[in-house]
Amino acid sequence: MEIAISAILTVVGLTMLCFGGNWLVSGGVAIARKFRISNLIIGMTIVAYGTSTPELAASVAAAGEHSAIILGNIIGSNIANVGMVIGIAAILVPLAVSKSVLKKEIPIMLGVSVLLILISIDGEISQYDGILLLAGLGVFAYYTFKDAMKQRAENKEKIEQGTNNVFLKSAGLIGIGIVLLYVGAILTVDNAVILAKEFGLSEKIIGLTVIAIGTSLPELITSIIAIRKGHADIGVGNIIGSNIYNILMIMGVGAALGGVMVGADVYVDYAIMIIFSLSLLIALKTGIIGRAMGICLTIGYVAYLAVTFFK
């Protein structure tokens, strides 16, 4: 009976994720138009923060006694975001990636990934390391804010009328969307963990797979919805922003609350995270992540899951 209830609640959670993702994208696009900011920036900020709330909730809940779940969740989510989310999205529709993303945002994502590896060398991501990551989050937020203000200044002529009503409606959609994503992800993850434990999976495996996939569902749903609405830049920005926030914000908060122990076997997962991130640079020449690339990323992610489960 408990398994049946957990399965039903998982489906309810997935449904909430679908509605939440839809409203978050709709509100984000309207905000971008109101403030004359690109969809990419909105994807990397409002949408990325919103879809990262499940990872934050899961990490805060696991802080201290279950720190293995935090690290597994972050690494697994970053791998899932590229392999599963971008992979599936690119299969549906080839993704156009702007040169600024390839030259600035993706290197930033790779840089914070390398930083995570460096602070793990001593076998622990300490509370001081957590504070360092949160400081990095502040720097990145300032960089993004300056970029947004620059775009706003360059697009003065694109002022929309009736902005007050647009803002209230958009803010409402974003707020409801984030709440639905948060509650939906918690329902999905909590009940997926119950189902996973029935099969005897370890905390690390649960973090790398079940929770990572569960907390990446908002990114997947939101990105697919954005792409279907013709806003592929929101989908790509969402993934890049989420991967940066997962390390700087989620790991920063998790480590600052009680430190996170790092086992020697996690470096294999670190390497896979870097490889998946580097694969996005293949689009440097064409500016497009095509279906062939999407298929390769998805197959690679499925292979990673299989190896993780059976190693």
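Two residues are in contact here when they have heavy atoms within 4.5 Å of each other. Keep that in mind as we look around this structure, which is a predicted model.

Let's start with a pair of helices. Two packed helices are described by the angle between their axes and the distance between the axes. For helix 9 (residues 266-279) and helix 10 (residues 291-310), the axes come within 11 Å and cross at roughly 170 degrees. Angles over 145 degrees count as roughly antiparallel, so helix 9 is roughly antiparallel to helix 10.

Who touches whom? From helix 9, the residues D269, I272, F276 and S279 meet M293, L297, G300, Y301 and Y304 of helix 10. Sort the residues of that contact by type and you get six nonpolar, two polar and one charged.

Next, a pocket. The second largest one has a volume of about 240 Å³. Its lining is made of 15 residues, with I37, I41, T45, I46 and A148 lying nearest the centre. Three helices each give two or more residues to this lining:

| Helix | Residues |
|---|---|
| helix 1 | 2-35 |
| helix 2 | 39-62 |
| helix 5 | 127-154 |

Helix 5 gives the largest share of the lining, six residues. By type, the lining of the second largest pocket has 13 nonpolar residues, two polar and no charged.

Finally, meet A171, which sits in helix 6 (residues 163-198). Is A171 buried, exposed or partly exposed? A171 counts as partly exposed, because its relative accessibility is 33%. Along the chain, A171 and L24 are 147 residues apart, yet 9.2 Å separates their C-alpha atoms.

Notes:
Residues numbered from 1 in each chain as written. Predicted model: local features only at pLDDT ≥ 70, side-chain atom pairs only at ≥ 80, totals over all residues. Heavy atoms only, no water. Axes fitted to C-alpha atoms, helices over the stretch in contact; angles between N-to-C directions. Helix = DSSP H or I, 4+ residues; strand = E, 2+ residues; numbered from the N terminus. Parallel < 35°, antiparallel > 145°, perpendicular 65-115°, else oblique. Nonpolar A, V, L, I, M, F, W, Y, C, P; charged D, E, K, R; others polar. 1 Å grid on protein atoms, 1.4 Å probe; cavity = no way out; pocket = protein on both sides within 12 Å on 5 of 7 lines; lining within 4 Å. Points joined across faces, edges and corners; volume = space filled by probe spheres on them. Buried < 20%, exposed > 50% of the residue type's maximum accessible area, 1.4 Å probe, protein only.
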